[in-house]
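Okay, thanks everyone, let me share my screen. I'd like to walk you through one model, starting with the empty space inside and then moving to a sheet.

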Amino acid sequence: MILVSSCLCGEKCKYNGGDNKNEAVMTLCEREPHIKVCPEVLGGLSTPRVPAEIIGGSAQDVLQGNAKIYTKTGMDVTAAFLKGAERVVSLLEHYPIEKAILKAKSPSCGKGKIYDGHFKGCLIEGNGVTAQALMNKGIKVITEEELI
């Protein structure tokens, strides 16, 4: 069973109210059992919402309480991101999840590259909070960009 970012399946849960529908992900989901998740919505954030980025460290630092996630307008949304990651990770107790396909570059779901915390579109090496939490539990995480 795989976890999949809901926005990749066409659900309108992206920060701007849109989606990131991806045909390769949709095709895969037709063939394999999956669970759709949006950690940000599961953490209590609305759609649409102000964009957010990790500031002051890595996703691992956020999970350890040593970095924060702020919106572009300066609101601390760390607790919502942590709650969303926790809720997604809790699914591992109930389902035989082996892999996750998550949205690239997201502060929740990104793997390998995320935005740098300055809201200028610059990428740095790193993972989103939920992606990191899943990897910490031994789940293989890829992004939609790796399906090609």
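**A cavity and a sheet**

So, this structure holds one cavity of 30 Å³ or more. Keep in mind that we're looking at a predicted model. The volume of that largest cavity comes out at about 30 Å³.

Who lines it? The residues around the largest cavity are Ala-52, Glu-53, Ile-54, Lys-105, Pro-107, Ile-114 and Tyr-115. By character, that lining splits into five nonpolar residues and two charged ones, with no polar residue. Two strands each bring at least two residues to the lining: E3, at 52-55, and E6, at 113-115. E3 has the largest share, with three residues.

Okay, on to the sheet. Here we have an open sheet of four strands, paired in parallel, and the order reads E2-E1-E5-E8. Which strands stand at the edges? Those are E2, residues 34-37, and E8, residues 140-143; each has a single partner strand, so one side of each is left without a neighbour in the sheet. Going from one strand to the next, the twist averages 20 degrees.

Let me zoom in on one pair. E1, residues 2-5, runs parallel to E2, and the two are joined over four bridges. To pick out one bridge, Ile-2 is partnered with His-34 in E2.

And then there's a helix on top of this. H1, residues 23-31, packs on the sheet and touches E1, E2 and E5, the last of these at 99-102. The direction of H1 makes about 150 degrees with that of E1.

That's my tour, happy to go back to any of the views.

Conventions. Residues numbered from 1 in each chain as written. Predicted model: local features only at pLDDT ≥ 70, side-chain atom pairs only at ≥ 80, totals over all residues. Heavy atoms only, no water. 1 Å grid on protein atoms, 1.4 Å probe; cavity = no way out; pocket = protein on both sides within 12 Å on 5 of 7 lines; lining within 4 Å. Points joined across faces, edges and corners; volume = space filled by probe spheres on them. Nonpolar A, V, L, I, M, F, W, Y, C, P; charged D, E, K, R; others polar. Pairing = 2+ DSSP bridges. Axes fitted to C-alpha atoms, helices over the stretch in contact; angles between N-to-C directions. Contact = heavy atoms within 4.5 Å.
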